[in-house]
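Biologist: I would love a close look at one part of this protein, the place where a few of its helices pack together. Could you walk me through it, and through the loops beside it?

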Amino acid sequence: MRNHKLNCIFKFLFDKNTRTRKIVIIISFILCYSNIKAQEKDTITKPIIENLNYQQFRINDNLTYQYSKPKFFDFITKVPHDFGLMGNLLIQKNNLIWFGVSVGTTAVLLPIDQQIINGSRDFGQQIGLQENHTYSGPLKMFPKNINSGIYRVGNGFTALLVGGGLLVYGLSNDDYRAIHTSSELMEGLIASGLLVQPIKRITGRESPFIAEQNGNKGGDWNFFPSFTAYQKNTPYYDAMPSGHITTLMTTIMILSENYKEVKWIQPVGFGLIGLMGFEMLQSKVHWISDYPIAIFMGYIIGKSIVKSRITEIKNNKVGVLKTFQPKFHYSFNSNQNYTLARVNMVF
């Protein structure tokens, strides 16, 4: 009987007459398995507590995020508050240390900027990357080569694409976290622009390809260029800091902080930063010393935006611990020629 069953299974798998049924069953299994996995993932994003005013999402056993009901114009109205939070975060000890590290790293990299640009372009040629960025289609949306696609990742397109997807998901599933995250990504684009542009207009550093044309190794610094000059010849003045790096770092911080339980967001995101950073070196758009401060700025901007939206609730797995202070009661009794002291300790 056992051999007969094995022969039937073997015949089903390899007999041409049962091929159609086999394909149907395999596809059904795959769809079933995918549906189970999708449901498992959905349990991560669905709120554990929800009402009209707020929703709560469990991040781990010790932490829960609470989101208030989102408002449409939050991504605009909360920007001024974000800058106040940025100031508070900046003066914290750990962040001051990292700010010092970013400034120090910039100073170390400045003398070798030109050498790194030359080396990156040589390596880019070896692996088939082009120097120019070319696009096609309406508004030049579609990159024509791989390095143009990599460069496009940091110009806000990624944030808009991911934010649009989260908004659609959040509205269709009444998910406050997804809606807030979408709004935060737009807020991050606005805040990044408002913070990066003044620094660019103050430093006035040449982009590498302009410096090469003018024969200026390392690029000239034209502090406080006029508004007209900056608008007419932007690449002559806008290298420091990198807006692409700031924007992408802000996007990664917002996503990873809101979905802290999704562990792959930061590794993948930081990998994209490294890839795009190399591409901008080999295409002579940025110097490597344009990056450290940009990364720090993206970190602070993302953290500040998230902090203004999330209420963190700490969960204690062993319950609430209460500390009891003992109370002492004293009394004295006389017994013949002795006086006795009596002490009662009450918990």
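Modeller: Happy to! To set the scene, 37% of the 347 residues of the protein chain count as buried. Please keep in mind that this is a predicted model. The chain has 13 helices and eight strands, and among its contacts with a separation of 6 or more, 68% are between residues 24 or more positions apart.

Let us start from helix α7, residues 146-173, and its packing with helix α11, residues 243-258. Their axes come within 7 Å and cross at roughly 30 degrees. An angle under 35 degrees counts as roughly parallel, and α7 and α11 are therefore roughly parallel to each other. The crossing is left-handed. On the α7 side the contact is made by Tyr151, Val153, Gly154, Asn155, Gly156, Ala159, Val162 and Leu166, and α11 brings Gly243, His244, Thr247, Leu248, Thr251 and Leu255. Sorted by class, this contact has seven nonpolar and seven polar residues, with no charged ones.

Now turn to α7 and helix α8, residues 176-203. Here the axes are 7 Å apart and the angle is about 155 degrees, which makes α7 roughly antiparallel to α8. This crossing, too, is left-handed. From α8, the residues in contact are Ala178, Ile179, Thr181, Ser182, Leu185, Met186 and Leu189. They meet a set of α7 residues that includes Gly156, Ala159, Leu160, Val162, Gly163, Gly164 and Leu166. By class there are twelve nonpolar residues, six polar ones and no charged ones in the contact of α7 with α8.

Between α7 and α8 there is a loop, and Asp174 lies in it. Asp174 is worth a glance for its backbone: phi is positive, about 50 degrees, although the residue is not a glycine. With a relative accessibility of 45%, Asp174 counts as partly exposed.

Back to α11, this time by way of the loop that leads from α10 (227-232) to α11, where Pro241 is found. Met240 and Pro241 are joined by a cis peptide bond, with omega about -10 degrees.

Within α11 itself, two residues reward a closer look. Thr246 lies in this helix and is buried, at a relative accessible area of 0%. A polar atom of the Thr246 side chain lies 3.0 Å from the backbone oxygen of Ser242. Setting aside neighbours within four places in sequence, Thr246 is in contact with Ser192, Val196, Ala294, Met297, Gly298 and Ile301. Its C-alpha atom is also 8.5 Å from that of Ile293, although the two residues are 47 apart along the chain.

The other residue is Ser256, again in α11. Ser256 is buried as well, with a relative accessible area of 5%. Its side chain has a polar atom 2.9 Å from the backbone oxygen of Ile252, and the side chain also reaches the backbone oxygen of Met253 at 3.3 Å. Not counting residues up to four places away in sequence, Ser256 touches Ile265 and Gln266.

One last stop is the loop between α12 (265-282) and α13 (291-307), the place of Lys284. Lys284 is not a glycine, yet has a positive phi of about 60 degrees. This lysine is buried, with a relative accessible area of 9%.

Technical notes
Residues numbered from 1 in each chain as written. Predicted model: local features only at pLDDT ≥ 70, side-chain atom pairs only at ≥ 80, totals over all residues. Heavy atoms only, no water. Axes fitted to C-alpha atoms, helices over the stretch in contact; angles between N-to-C directions. Helix = DSSP H or I, 4+ residues; strand = E, 2+ residues; numbered from the N terminus. Parallel < 35°, antiparallel > 145°, perpendicular 65-115°, else oblique. Left-handed = near helix turned anticlockwise from the far one by under 90°. Contact = heavy atoms within 4.5 Å. Nonpolar A, V, L, I, M, F, W, Y, C, P; charged D, E, K, R; others polar. Buried < 20%, exposed > 50% of the residue type's maximum accessible area, 1.4 Å probe, protein only. Polar contact = N/O pair within 3.5 Å; in protein donor to acceptor, adjacent residues only side chain to side chain.
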